[in-house]
Amino acid sequence: MTQLLQLHHVTKSYGSHLAVNDMSLSIKPGKIVGLLGPNGSGKTTLIKLINGLLQPDRGDIVIDGFRPSIDTKKIISYLPDTTYLRDNMRVEEVLSFFQDFYEDFDRQKAEQLLQDLSIRLEEKLKNLSKGNKEKVQLVLVMSRKAKLYLLDEPIGGVDPAARDYILKTIINNYSKDASVIISTHLISDIEPILDEVVFIKDGQLILTGSVDDLREEHGLSIDSLFRETFKNY
């Protein structure tokens with residue numbers, strides 16, 4: 001099977017701080033991958049590099065045969081860890097914006113997901129709770145027919161009751177030809193949906209592999225393995 005995402009010796013520094021340090025990694029299509037590490041480990045920097053928002057100092061990134069560019073913007077659907085939508089917009093206006101901007105945006109799917117979450121289209125974003133704003137952003141991202149979904153803390157601000165629905169939304173809204181990379185601290189919540197994990201620390205790859213293989217090899221859940229790996233960090 002061909003690789004959907006390949007990183008070859010990628011390095012990114014901010015001054016004297018190495019945020020990503022000589023990282024090589026491959027991800028196949030059809031996978032849900034947990035990008036896991038302590039605060040400051042380089043997760044958000046890595047996601048921004050893949051999305052083309054940052055340029056590596058050294059190394060090479062290839063997504064479905066393309067280096068980060070206008071070509072990859074068409075096949076990557078990115079959820080940042082901060083709100084980027086204007087508060088004075090109504091939800092339906094945001095849908096129209098995405099529909100105009102992305103050819104692969106499925107508005108009908110987005111409206112159905114929002115209805116399931118009891119979020120009204122006529123509501124202004126400024127009137128929504130932090131958790132509901134995050135749900136809107138996730139719906140927008142998962143309603144694209146992308147090849148690679150990059151989700152930076154997608155469930156961090158939502159209540160536990162909504163997390164199961166959001167995780168089901170992620171599972172049900174990507175194709176077998178696409179992959180999802182999820183960065184999160186809520187490992188026990190997302191562990192049931194993960195196929196693979198990538199542990200990073202100080203911008204370096206510490207451990208990667210199939211969730212099932214790692215559980216069998218170490219005799220631990222992924223959450224427990226994470227705690228054991230980073231207990232002194």
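**Group meeting: a pocket, a leucine and a helix cap**

Okay, so the largest pocket here has a volume of about 440 Å³. By pocket I mean an open set of points on a 1 Å grid over the protein atoms alone, where a 1.4 Å probe fits, with protein on both sides within 12 Å along at least five of seven lines. The volume is the space filled by probe spheres set on those points, which are joined across faces, edges and corners.

Quick caveat: this is a predicted model, where local features need pLDDT of at least 70 and side-chain atom pairs count only at pLDDT 80 or more, while totals for chains, interfaces and linings use all residues. Residues are numbered from 1 along each chain as its sequence is written, and side-chain values use heavy atoms, leaving out hydrogens and water.

Back to the pocket. Its lining is 18 residues (those with an atom within 4 Å of a point), and nearest the centre are Lys 73, Ile 76, Phe 101, Tyr 102 and Arg 144. Helix H2 (70–73), strand S5 (76–79) and helix H3 (91–101) each give two or more residues to that lining; helices are DSSP runs (H or I) of at least four residues, strands (E) at least two, numbered from the N terminus.

Next, Leu 205, which sits in strand S9 (residues 204–210). Why is Leu 205 called partly exposed? Because its relative accessibility is 31%, and partly exposed runs between buried, under 20%, and exposed, over 50% (1.4 Å probe, protein chains only).

Last one: what follows helix H8? Gly 219 does, with a positive phi near 65°.
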